[in-house]
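Welcome! Here is a set of exercises to work through with the model open beside you. Try each task before reading its solution.

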Amino acid sequence: MMTKKIGFIGLGLIGGSIAKAIRQYHPDYELLAFDKSKETLALAVQEGTIQTSCSTIDGNFEGCSYIFLCAPIAYNTPYLTQLKDFIHPDCILTDVGSVKTSIHEEVIRLGMEENFIGGHPMAGSEKSGYPNSKPVLIENAYYILTPSAKVPDKKVYEYRNFVESLKSLPIILDYKEHDYITGTISHLPHIIASSLVNFVRETDTKDELMKNLAAGGFKDITRIASSSPIMWQQICLKNQENISRILGDYIEVLKKARESIDEGSEKNLFTLFESSKDYRDSMPNSSAGPIKKSFAVYCDIIDEAGGIATIATILASNNISIKNIGIVHNREFEEGVLRIEFYNESAAAKAAELLQKYRYIVYEV
Ligand SMILES: NC(=O)c1ccc[n+]([C@@H]2O[C@H](COP(=O)([O-])OP(=O)(O)OC[C@H]3O[C@@H](n4cnc5c(N)ncnc54)[C@H](O)[C@@H]3O)[C@@H](O)[C@H]2O)c1
Ligand SMILES: O=C(O)C(=O)C[C@]1(C(=O)O)C=C[C@@H](O)C=C1
């Protein structure tokens with residue numbers, strides 16, 4: 001297999017996850033990175049994710065087959081000018097930014113179109129930074145590619161295959177369409193979540209009853225309000241036009257909901273919740289993408305010390321490995337249900353059968 005040299009600028013949640021996936025699936029590749037955080041670089045070298053840490057964008061980036069721009073979006077574009085002097089003609093320059101038009105416009109302005117394929121893994125978390133990165137983050141997640149008009153097809157094909165080799169699901173989109181779509185399914189929800197959290201903070205009672213009583217519903221819809229403020233500030237500034245329009249349309253939808261409530265319209269209210277339920281239920285039950293399969297079992301546990309340890313012991317003594325385990329507060333179940341994730345379908349099925357034998361209540365999902 002031909003080895004490659006791959007560079008990263010920014011090695012946080014997303015850069016780190018991609019670098020770790022490359023390390024996992026292409027152990028012979030040479031990885032180097034520049035990040036403004038020296039601790040991040042030191043940790044990445046120590047863990048063996050990258051071989052070389054760079055204190056600036058220097059000649060180390062020469063000869064890279066791929067260079068990933070993975071800093072917060074507004075910081076990515078200035079690096080294009082610097083990289084122009086280093087990249088060789090065959091190098092594919094890519095980014096992972098949540099907004100694509102701004103970087104594409106800069107690439108066109110700098111005459112770097114032959115080398116640029118925009119990228120955006122549709123996966124993430126409210127956590128940030130290299131320590132939270134993991135290869136599985138991008139696994140089975142759609143990975144949007146927005147090739148520049150002048151990149152040769154052969155290069156797009158090759159890069160698409162590379163993304164696929166990291167177990168992501170590449171999908172090619174026009175960069176403007178990308179910004180409209182993500183404006184609706186990603187940027188708008190973040191604005192709603194953050195505004196809702198602030199609304200509760202501002203209207204809460206003196207003894208913070210709202211904060212303390214907020215349960216599954218509120219927590220489900222606002223998890224993403226804990227995301228990086230700098231990242232979301234920059235996304236809103238860079239996708240300003242789309243977001244403003246989409247937000248305007250959404251405000252009209254909220255007004256309609258209010259009208260239905262004011263009018264006491266049984267029909268309209270029922271339709272609101274019925275149509276949303278039908279559409280939501282038709283969506284694949286996965287956070288990362290429609291094809292993602294997570295092999296999880298949900299079961300009730302007795303609220304006592306060692307409850308989780310008992311289940312872990314039952315599974316371990318039957319040679320069933322747990323991928324992930326934790327309590328989820330989700331109103332679909334009773335509060336405090338235990339979610340146990342396994343590596344494959346048969347392990348999940350075996351675990352469900354076993355736990356039922358031990359008289360645990362196991363839920364089908
Ligand atoms: N977090 C998500 O859910 C998510 C998902 C998909 C795409 N993205 C995109 O990925 C990019 C990075 O987001 P993230 O979640 O990995 O953020 P992050 O905060 O986890 O990582 C950013 C990294 O960039 C470094 N950095 C910051 N400024 C820098 C600079 N000027 N030069 C070099 N390094 C710098 C930071 O030290 C950090 O390691 C953003 O453009 C974001 O739009 C994020
Ligand atoms: O799951 C989350 O926490 C995310 O916010 C991930 C999410 C999203 O909105 O879906 C956030 C920003 C990205 O650009 C892509 C994915």
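A residue counts as near a ligand if its C-beta atom, placed from the backbone, lies within 6 Å of it. Keep in mind throughout that this is a predicted model.

**Exercise 1. Find which residues are closest to ligand 2, and sort its shell by residue character.**

Solution.
- Step 1: Ligand 2 is surrounded by ten residues. Closest among them are Ser 98, Gly 124, Ser 125, Ser 186 and Ile 224.
- Step 2: Sorting this shell gives six polar residues, three nonpolar ones and one charged.
- Step 3: Now look at the domains: domain 1 (5-173) and domain 2 (178-282) each give at least three residues to the shell around ligand 2.

**Exercise 2. Do the same for ligand 1, and work out which helix supplies the largest share of its shell.**

Solution.
- Step 1: Around ligand 1 there are 29 residues, and the nearest are Gly 10, Gly 12, Leu 13, Gly 124 and Ser 128. You may recognise Gly 124, as it is also listed among the closest residues to ligand 2.
- Step 2: By character, the shell of ligand 1 holds 14 nonpolar, 13 polar and two charged residues.
- Step 3: Four elements each provide at least two residues of this shell: α1 (13-25), α3 (73-84), β6 (116-121) and α9 (229-238). The largest share, three residues, belongs to α1.
- Step 4: As for the domains, at least three residues of the shell around ligand 1 come from domain 1 (5-173), and at least three from domain 2 (178-282).

**Exercise 3. Describe the protein chain as a whole: what are its domains, and does its radius of gyration agree or disagree with that of a compact globule?**

Solution.
- Step 1: The domain assignment lists domain 1 (5-173), domain 2 (178-282) and domain 3 (296-364). Between the C-alpha centres of domain 2 and domain 3 there are 32 Å.
- Step 2: The chain's secondary structure consists of 13 helices and twelve strands.
- Step 3: A compact globule of 365 residues would have a radius of gyration near 21 Å, and the protein chain has 23 Å, so the two agree.
- Step 4: Along the principal axes, the C-alpha atoms occupy a box of roughly 60 × 60 × 40 Å.
- Step 5: Of the 365 residues, 29% are buried.

**Exercise 4. Place strand β4 (residues 66-69) among its partners, and say which way its side chains point.**

Solution.
- Step 1: β4 pairs with strand β1 (residues 5-9) in the parallel sense, over four bridges. Here Ile 67 of β4 is the bridge partner of Gly 7.
- Step 2: β4 also pairs with strand β5 (residues 92-95), again parallel and over four bridges. In β5, Leu 93 stands opposite Ile 67.
- Step 3: Tyr 66 and Phe 68 point one way from β4, Ile 67 and Leu 69 point the other way, and all are buried.
- Step 4: The reason for such a pattern is that side chains in a regular strand alternate between the two faces of the sheet.

**Exercise 5. Decide whether Met 210 is buried, partly exposed or exposed, and name its contacts.**

Solution.
- Step 1: Find Met 210 in helix α7 (residues 209-213).
- Step 2: A residue needs 20 or more other C-beta atoms within 10 Å to be buried, and 12 or fewer to be exposed. Met 210 has 14, so Met 210 is partly exposed.
- Step 3: Beyond neighbours within four places in sequence, Met 210 is in contact with Val 200, Asp 204 and Thr 205.
- Step 4: Val 200 is ten residues from Met 210 in sequence, and their C-alpha atoms are 6.9 Å apart.

Terms used
Residues are numbered from 1 along each chain as its sequence is written. Chains are lettered from A and ligands numbered from 1 in the order in which they are written. This is a predicted model: local features need pLDDT of at least 70, side-chain atom pairs count only at pLDDT 80 or more; totals for chains, interfaces and linings use all residues. Ala, Val, Leu, Ile, Met, Phe, Trp, Tyr, Cys and Pro count as nonpolar, Asp, Glu, Lys and Arg as charged, and the others, Gly among them, as polar. Domain bounds come from an automatic or database domain assignment. The radius of gyration is taken over C-alpha atoms; the globule rule is 2.2 Å times the number of residues to the power 0.38. Two strands pair if DSSP finds at least two bridges between them. Two residues are in contact if their C-beta atoms, placed from the backbone, lie within 7 Å.
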